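Work through the exercises below with the model open beside you. Try each task before you read its solution.

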Amino acid sequence: MMRLTFSLLLLCTLPWSTPALAQAPRLDTPRLKVEVRRVEVDAQHMYEVNANAVVQAAPAAVWKTLTGYERMSEFVPDLSSCRVLSRNGNEVVIEQQGMARFLFMNHPIHLVVRAMETPMTAIDIDLISGDMRHYESRWALSPMPETGGTRIVFSSRLMPGFYVPGMLGTTMIRGDIERMMGAVMARIDSQPAPVQAK
């Protein structure tokens, strides 16, 4: 059966997972909550994603990870390359290449997205071209003064350009978003804390 992975939803979208990824543990902890539902928009079925995560890092460290576009292939599963095509102020055009895996077949995936950055606060992403019929997402960061950490909220509305099996797709996408958010959280947690000025 087809296994759909939206690991590249970090900033856009990536396809189906490898067997190793499928065995990755789910992050059902208070630090992460993911909800996915199937909605109808203009007589078309889409998936609406809302994810909420808490990390101990400050917003500046989270921002550095989320906007380090050309390093994303180091930790985003199935992403083979990610490069900035252009930057104009806070608008960044990004090209991403990955691999969709279906049974014994591999299918390359190509996407170009536009990221609008609101420094240290939000990244709004929309699809320019590629293997999605519709894609929009938003990363929002909120400082947590009581802990010094950051709340990360990821929301998205998407329609794949390939078949997703109805309501089963909701469960599949939820698992994939959990793994994607887990990869982001692990990357943030692995970064050294900034040196405090004396």
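## Exercise 1: Aromatic rings

One aromatic pair turns up in a search of the whole structure. The model is a predicted one.

**Task.** Which two rings form the pair, and how are their planes set?

**Solution.**
- Step 1. Find the rings of Trp 139 and Phe 154, whose centres are 4.7 Å apart.
- Step 2. Check the distance cut-off: ring centres must lie within 6.5 Å.
- Step 3. Read the angle. The planes of Trp 139 and Phe 154 stand at 50 degrees, so the pair is tilted.
- Step 4. Place the residues. Trp 139 lies in strand β7 (residues 132–144) and Phe 154 in strand β8 (residues 149–160). The pair therefore ties together parts that are 15 residues apart in sequence.
- Step 5. Judge the setting. Trp 139 and Phe 154 are buried.

## Exercise 2: The core

**Task.** Which residues touch the most other members of the largest nonpolar core?

**Solution.**
- Step 1. Take the largest nonpolar core, which has 41 residues.
- Step 2. Pick out those that touch the most other members: Trp 139, Ile 152, Phe 154, Ile 177 and Met 181.
- Step 3. Ask which element gives the most to this core. That is α3, with seven residues.
- Step 4. Recall a broad rule. In soluble globular proteins, nonpolar side chains tend to be buried together.

## Exercise 3: Strand pairing

**Task.** In which sense do β7 and β8 pair, and over how many bridges?

**Solution.**
- Step 1. Follow β7 against β8. They pair in the antiparallel sense, over 12 bridges.
- Step 2. Locate one bridge: Ser 137 has Ser 156 in β8 as its partner.
- Step 3. Look at the hairpin of β7 and β8. Four residues lie between the strands. Gly 148 takes a positive phi near 80 degrees in this hairpin.
- Step 4. Turn to β2 and β8. They run antiparallel and are joined by nine bridges. Here Glu 48 has Arg 157 in β8 as its bridge partner.

## Exercise 4: Salt bridges

**Task.** How many salt bridges does a search of the whole structure find? Where do Arg 157 and Glu 48 lie?

**Solution.**
- Step 1. Count: the search finds 12 salt bridges.
- Step 2. Recall the principle. Side chains of opposite charge can pair when their charged atoms come close.
- Step 3. Start with Lys 33 and Glu 35. Their closest N and O atoms are 3.5 Å apart in a salt bridge. Glu 35 is partly exposed, at 43% relative accessibility.
- Step 4. Move to Arg 157 and Glu 48. Their side chains form a salt bridge at 2.4 Å, N to O. Arg 157 lies in strand β8 and Glu 48 in strand β2 (residues 44–55), so the pair ties together parts that are 109 residues apart in sequence.
- Step 5. Check exposure. Arg 157 is partly exposed at 28% relative accessibility, whereas Glu 48 is buried with a relative accessible area of 13%.
- Step 6. Go on to Asp 124 and Arg 138, whose side chains meet in a salt bridge of 2.7 Å, N to O. Asp 124 belongs to strand β6 (residues 122–130) and Arg 138 to strand β7, so parts 14 residues apart in sequence are tied together.
- Step 7. Compare the accessible areas. Asp 124 has 27% and is partly exposed; Arg 138 has 35% and is partly exposed.
- Step 8. Trace shared partners. Arg 37, Glu 48 and Arg 157 are joined into one network by salt bridges.

## Exercise 5: A glutamate in β5

**Task.** Is Glu 117 buried or exposed? Which side chains make polar contacts with the side chain of Glu 117?

**Solution.**
- Step 1. Place Glu 117 in strand β5.
- Step 2. Read its relative accessible area, 9%. Buried means under 20%, so Glu 117 is buried.
- Step 3. List the polar contacts of its side chain. One is with the side chain of Tyr 69, at 2.6 Å. Another is with the side chain of Arg 87, at 3.2 Å.
- Step 4. Widen the view, leaving aside neighbours within four places in sequence. Glu 117 is then in contact with Trp 63, Thr 67, Tyr 69, Arg 87, Asn 90, Val 92 and Ala 122.

## Exercise 6: A positive phi

**Task.** Where is Met 120 found?

**Solution.**
- Step 1. Look in the loop between β5 (105–118) and β6, where Met 120 is found.
- Step 2. Check the backbone. Met 120 is not a glycine, yet it has a positive phi of about 65 degrees.
- Step 3. Add exposure: at 41% relative accessibility, Met 120 is partly exposed.

Conventions: Residues numbered from 1 in each chain as written. Predicted model: local features only at pLDDT ≥ 70, side-chain atom pairs only at ≥ 80, totals over all residues. Heavy atoms only, no water. Phe/Tyr/Trp six-rings, centres within 6.5 Å; stacked < 30°, edge-to-face > 60°. Helix = DSSP H or I, 4+ residues; strand = E, 2+ residues; numbered from the N terminus. Buried < 20%, exposed > 50% of the residue type's maximum accessible area, 1.4 Å probe, protein only. Salt bridge = Lys/Arg side-chain N within 4 Å of Asp/Glu carboxyl O. Pairing = 2+ DSSP bridges. Core = buried A, V, L, I, M, F, W, Y, C linked by side-chain atoms within 4.5 Å. Polar contact = N/O pair within 3.5 Å; in protein donor to acceptor, adjacent residues only side chain to side chain. Contact = heavy atoms within 4.5 Å.
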